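Student: Could we go through this model together, beginning with the ligand and its surroundings?

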Amino acid sequence: MKNKVLLIGMPGSGKTTLSRMLSKILQVPYIDMDDFIESQTGKEISQIFQNGEHYFRYVETQACNVLAKKKDLIIAAGGGIVKKPVNLKYFEQDTLILFIKRPIEEIIKDIDLSTRPLLKSGMHKLELLYKERYSLYKKFSDYTIENVGDINKTLEEILKIMK
Ligand code: S3P
């Protein structure tokens, strides 16, 4: 039995917004994994990155381990969760994993690249990461949900799957 939902996908794909919307409708709490990491460590994500991406990934894996043990929760993952298979392994038994797929051109309209540690070098980096990760998002998710245009339609798609 699936007892929680994990939204994966690129930064700016709408994971947090959709988690918030789902949480309201389903009356189930949601958590943004980056917020969870910040509250656990008392540090901002950008500060954690100052110790290197490798260290951030270690902290992220610890967060996955803790959150995977919870029930009745909607989780918006950080975009890089798919970089370590073990992160998804924690969730595989009892979590519905949804890949929120949003085209790069749409993502760029919405996000401020300068505030995201991995994307500071700009759009090229975003494209590179998308290429690197696309097959991983596919591989680790139960469903792919397109998020283009009206976000309410995307939400409906998710609700249909969950029925
Ligand atoms: C990352 C995405 C971020 C955050 C960190 C690394 C990534 O989360 O976890 O900056 O590797 O794509 P969002 O996807 O919520 O922006």
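Tutor: This is a predicted model, in which local features need pLDDT of at least 70 and side-chain atom pairs count only at pLDDT 80 or more, while totals for chains, interfaces and linings use all residues. Residues are numbered from 1 along each chain as its sequence is written, and side-chain values use heavy atoms, with hydrogens and water left out.

Student: Which residues come nearest to the ligand?

Tutor: A residue is near a molecule if one of its heavy atoms lies within 4 Å of it. There are 14 residues around the ligand, and those that come nearest are Lys15, Asp34, Arg57, Arg116 and Arg133.

Student: What share of the ligand's exposed area does the protein bury?

Tutor: Polar contacts (pairs of N or O atoms within 3.5 Å) join ligand oxygen atoms to the side chain of Lys15 at 2.6 Å and to a polar side-chain atom of Arg57, also at 2.6 Å. A polar backbone atom of Gly79 lies 2.8 Å from an oxygen atom of the ligand. By the Shrake-Rupley method with a 1.4 Å probe, the ligand taken alone exposes 390 Å², of which the protein buries 93%.

Student: How many residues apart are Asp94 and Lys4?

Tutor: Their side chains meet in a salt bridge, N to O at 3.0 Å, the rule being a side-chain nitrogen of Lys or Arg within 4 Å of a carboxyl oxygen of Asp or Glu. Asp94 is in the loop between α5 (85-91) and β4 (95-101), and Lys4 is in strand β1 (residues 4-8), where helices (H or I, at least four residues) and strands (E, at least two) are DSSP runs. The pair thus links distant parts of the chain, 90 residues apart.

How values were computed: Polar contact = N/O pair within 3.5 Å; in protein donor to acceptor, adjacent residues only side chain to side chain.
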